[in-house]
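Dear colleague,

Please find below the structure that I am handing over to you, together with its sequence. My notes on what was found follow directly after it.

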Amino acid sequence: MGFARTCSVALVGVEGVPVEVQADLEPGVAHFTLVGLPDKSLVESRDRVRAAVVNSGAEWPQKKLTVGLSPASVPKGGSGFDLSVACAVLAAAERIDPRTIAGLMMFGELGLDGRVRPLRGVLPAVLAAADAGYRHVVVPEQAAAEASLVPDVTVLGVRSLRQLIALLCDESVPEEDEEIAAARPDPLGPAPAGPGLGAALAADDHPVDLAEVAGQTVARTALEIAAAGRHHLFLKGPPGAGKTMLAERLPGLLPPLTAQEALEVTAVHSVAGTLPPGRPLVERPPYCAPHHSATMAALVGGGSGLPRPGAVSLAHHGVMFLDEAAECSGRVLDAMRQPLESGHVVVARAGGMMRMPARFVLVMAANPCPCGRHGVRGADCECRPSTVRRYRARLSGPLMDRVDLRVTVEPLARSELNASGTGESTATVAARVLAARERAAARYAGTPWTTNQEVPGHALRTRWPVALGALDRAEDDMERGLLTARGLDRVLRVAWTVADLAGRDRPTHVDVDRALEMRTGIRRGVAVPEPAR
C-alpha cells in the first residue's frame, strides 16, 4: 500500500482555495477513482493523467487507485489539478519520494504527451498558496513570469511531466524535442461566457491624447474631476460630439496602479484569460467597453456553475465605458447599482455564491433622443415628446443617483474644430490628477479610503467639515427635492475633489456650487472652472 499527498488550488471566482491532493494505492483490481466534488472536466483528468504518465516514460500502477481532493465540500473544476494528481500517484507508487512533493503547490494541465500546458488563474492560485504558507510552486513554463509576481515564493516552471519527474528525483533533466521546445505558447482558450473583451486592458501601443479633443471645455474639466476623485460620469449629447473620444482618454489620466492594485487587476484578468502575451503584470488602469447588447452575465459575471468575472470586474481599478447606455437592457443597467456603491459584486448561481472586486470609474454616454437631434440648435428632431421621455427613462433614477457628474456634450462649432491651438495634453492633466490624488491620500492617511469617492458622507461631514455656509445651497436643493441624501453626499465628495485640484485645504461655497452644477446642470452663478494651471 502506498500513500502520498501534495497541494493544488481550486479557483472560486477570482480567489483560490488550497486543496490537498491525496493518492492512495491498495491491492485489488486496477481502477482509478477520483473523489472530492469534481466537475466533468476534472473527472476527465483521469484519462489525461494516465496517458501523460505513460508517455513520459513512467509506469502506471496497476492497483486500486483512489485520489481524494480535500476539502471535499469545495466545488472543484478545470484542468489545473492534472500536474498535482500525476505527481501524487507517482509518489504513492514510489517512483517519486513522497517527501519531495509534500510541501509543493502544483498548478498545470497535462497534455496526453506529458507536456504541461498553461491555463487561466495562475496568479490567484499562487497567491492562495502563499497565503496558506506554501513557498514552492510548480507551474507551466509559460506562466512562470506571472507566478513570480508573488513575493517570497520560489517558482519552478516546467515544460513537461518528464522534466518535473527528473527534477524531483534529482536526475539529469531531459531536453525536450525541438518541436515541443519551440512550440508557441498554448492558447488560454476562450474567455468565460460573457466578457469577450479583447481590448479590456489599456493598450500602450496606441496611446491617445487629450490634446486631440477639440473644444469641449466643460467635458474636459468633468473628465479631470472624474479621474482625480474616481467619480462616475454621464455624457449626454448628439452623435459625433465627441463622447466616445473623451471616454477613451480617461484611462490615460488615471495614476498608474499601485503594487497591490496591479496584483488585484492581474488576478482578475488571469482568471478571465485576458492577459496579453508577454505582459504578466497589468500596470495601467484597464479600460473596458462592452457592447450595449451585453447580457447581465457578461456585465456583472456569471456562466454555468460557478460564476466567472464580468465586465465590471475586468474594469476593476480602471474605467468601464457604456456607449449608447440608453440602448442597454434596463435590468442589466440596474444590476450595476451594487458595484457602483460598494466596489464589489456578489453573484449567486447554482454552483455557489461569489464575491468579486468591481471598483471602477463608470462613464456612460447617451444621445438625447432616439434620433440624436433633440435640443440641438438648427437640427430637426422628429421624435415625439413621449418617445423622448421613454428613451430617457431607460436610465433609471436609482442608477443616475449614483452618477456624480452629468455633462452635456455640445456639438462643435466650425471655429472650434478648425482652431490652430490644441488643448492640454494627457500628461499635463494627469500630473494635476496625481497631485490631487496625493493630497486626498494624505488627508485620509490611517483610514481605509484613498480617494474622495470612497469616503462615506457621514465621515466627510463630521471628520472633514467644509467651510462655514458652503453647503447652504446644496441643502436647500435637498429640501426642494432636487437632491436625495445620497446625492448630497456625492456633491460633497465632488466638492472635495474640486478643492483638491485647486489646492485648497477644504471646499468653499464656490467648490460646492461647481459640484452642484455638474450634477444638476443648473447654473449656480459660477462658471465651470478651467483646471488650475
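P71 is found in the loop between β4 and α3. Please bear in mind throughout that this is a predicted model, so that every value in this message is computed from it.

**The loop before α3, and α3 itself**

The peptide bond that leads from S70 to P71 is cis, and its omega is near 10°. Most peptide bonds are trans. The loop that holds P71 also holds G78, between β4 (64-70) and α3 (82-92). G78 counts as partly exposed because its relative accessible area is 27%, and the range for that class runs from 20% to 50%. In sequence, G78 is 139 residues away from T217, and in space the two are 51 Å apart, C-alpha to C-alpha.

How many of the residues of α3 are buried? The count is 11 of 11, and the helix is thus mostly covered. The buried residues include D82 and S84 as well as L83, V85, A86 and C87. The list goes on with A88, V89, L90, A91 and A92. Just after α3, E94 takes a positive phi of about 65°.

**Other residues with a positive phi**

Most residues other than glycine have a negative phi. Two further residues deserve a note here. L37 is not a glycine, yet its phi is positive, at about 65°. This residue sits in the loop between β3 (31-35) and α1 (40-43). With a relative accessible area of 45%, L37 is partly exposed. D170, also not a glycine, has a positive phi of about 55°. The loop between α7 (161-168) and α8 (178-181) is the place of D170. Is D170 buried or exposed? D170 counts as exposed because its relative accessibility is 73%, and the cut-off for that class is over 50%.

**A nonpolar patch on the surface**

Which residues form a nonpolar patch on the surface? They are L156, L167 and V173, and together they have about 210 Å² of accessible area. L156 belongs to strand β9, which covers residues 154-158. The relative accessible area of L156 is 31%, so this residue is partly exposed.

**Salt bridges**

A search of the whole structure gives 26 salt bridges. Three pairs and one network are described here.

- R159 and E141 meet through their side chains in a salt bridge of 2.8 Å, N to O. This pair links distant parts of the chain, with R159 in the loop between β9 and α7 and E141 in the loop between β8 (136-140) and α6 (144-147), 18 residues apart. R159 is partly exposed, at a relative accessible area of 25%, and E141 counts as partly exposed at 36% relative accessibility.
- R117 and E109 form a salt bridge between their side chains, at 3.6 Å from N to O. R117 is partly exposed, with a relative accessible area of 24%.
- R249 and E248 are joined by a side-chain salt bridge of 3.9 Å, N to O. R249 counts as buried because its relative accessibility is 5%, and the cut-off for that class is under 20%. E248, at 37% relative accessibility, counts as partly exposed.

In addition, a network of salt bridges links E341, D401, R402, D404, R486, R490 and R519.

**The cavity**

Rolling a probe the size of a water molecule over the atoms shows where empty space is left. How many cavities of 30 Å³ or more does a search of the whole structure find? The search finds one. The largest cavity holds about 60 Å³ of space. Its lining consists of R230, H232, P339, L340, G343, A358, R359, F360 and Q453. Sorted by class, the lining has four nonpolar, three polar and two charged residues. The nonpolar members are P339, L340, A358 and F360, and the charged members are R230 and R359. H232, G343 and Q453 count as polar.

When you open the file, the loop between β4 and α3 may serve as a starting point, with P71 and G78 as markers. The cavity lining can then be found through the residues named above, including R230 and Q453.

With kind regards

Definitions and conventions. Residues numbered from 1 in each chain as written. Predicted model: local features only at pLDDT ≥ 70, side-chain atom pairs only at ≥ 80, totals over all residues. Heavy atoms only, no water. 1 Å grid on protein atoms, 1.4 Å probe; cavity = no way out; pocket = protein on both sides within 12 Å on 5 of 7 lines; lining within 4 Å. Points joined across faces, edges and corners; volume = space filled by probe spheres on them. Patch = residues over 30% accessible without salt bridge, like charges linked within 9 Å, V, L, I, M, F, W, Y side chains within 5 Å. Areas by Shrake-Rupley, 256 points an atom, 1.4 Å probe, with all protein chains shown as cover. Salt bridge = Lys/Arg side-chain N within 4 Å of Asp/Glu carboxyl O. Helix = DSSP H or I, 4+ residues; strand = E, 2+ residues; numbered from the N terminus. Buried < 20%, exposed > 50% of the residue type's maximum accessible area, 1.4 Å probe, protein only.
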